[in-house]
Structures are given as C-alpha cells and as structure tokens.
Amino acid sequence: MDNFAFLIVTGTPDHTEFGIDLLGIDITEQFRGVKFIPAGAHFIYSSCRDNFGNSSTSRSGFLHFFKAGEILVKEWNNKNEELQNRTRGDVEVEKQKIRENLKDLDR
C-alpha cells in the first residue's frame, strides 16, 4: 500500500459527479474517496447534479501530483459547490487515523 496514494473525500452530496483522470462516477452515500492511486499527476474534478441527473453546476477540478504513500483529504464546500482542502479538525491526526485503518476504507 505504500506504493500508492489515497484521496479521501468528505461531505459530498449524493449524485455529485466525481472523477479522477478518465474515471467518472456518480457519488452515493457510501463514497469515501479513491485508493490505490499511482504516484504522479492526476486531475480530480466534481460537479453537482440536479434531481434529473443533469449537471447543475460547472465542473470544477484541480491537478495534484500524488506521492507514493500520500493521503490527501478534501471536503465538500456547499457554498461554492466544489472540493476544497480540509478545514475541520486536525488534518494530520485525521491522516494518521486513516493510515491506521486503510484496510477498512471501503467497508
């Protein structure tokens, strides 16, 4: 697991469009992020959807160069309808807890 990076996403509403590189998904309440990301540059994007599944906002995104073993934590900003850096709590403590429980990430 130390050869890969992990992206943790919190607070994203259901049915938000989320993607990394060429992979796009419709987020459900069980979505916690993406694991086993190869080291290197990756484009992460998101867009809100309306009740009919149509994109209701412009797609926003960012380019991030992931390092092997890195854990990146992002949270949803309801006002701007986009992912932002984690602002709540102690991010380093949160990353350590995530690292200790990586095997349970998708349970």
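Which side chains does a polar contact of 2.5 Å join? In this predicted model, the side chains in question are those of His42 and Asp21, and the views below move from the sheet to the surroundings of His42.

**View 1. An open sheet is formed by four strands in the order S3-S2-S5-S6.** The pairing within this sheet is antiparallel, and from one strand to the next the twist averages 20 degrees. Strand S3 (23-26) and strand S6 (60-66) each have a single partner strand and stand at the edges, so one side of each is left without a neighbour in the sheet.

**View 2. Strand S2 is joined to strand S5 by four bridges.** The two strands, S2 covering residues 17-20 and S5 covering residues 40-47, run antiparallel, and Gly19 is found opposite Tyr45 in S5.

**View 3. His42, a residue of strand S5, makes polar contacts through its side chain.** One of these joins the side chain of His42 to that of Asp21 at 2.5 Å, while a polar atom of the His42 side chain also lies 2.7 Å from the backbone oxygen of Pro38.

**View 4. His42 is buried within the model.** The relative accessible area of His42 is 9%, which lies under the 20% cut-off and is therefore classed as buried. When residues up to four places away in sequence are not counted, His42 touches Ile20, Asp21, Ile37, Phe62, Leu63, His64 and Phe66; Asp21, listed among these contacts, is also the residue whose side chain takes part in the 2.5 Å polar contact with His42.

Terms used: Residues numbered from 1 in each chain as written. Predicted model: local features only at pLDDT ≥ 70, side-chain atom pairs only at ≥ 80, totals over all residues. Heavy atoms only, no water. Pairing = 2+ DSSP bridges. Axes fitted to C-alpha atoms, helices over the stretch in contact; angles between N-to-C directions. Buried < 20%, exposed > 50% of the residue type's maximum accessible area, 1.4 Å probe, protein only. Polar contact = N/O pair within 3.5 Å; in protein donor to acceptor, adjacent residues only side chain to side chain. Contact = heavy atoms within 4.5 Å.
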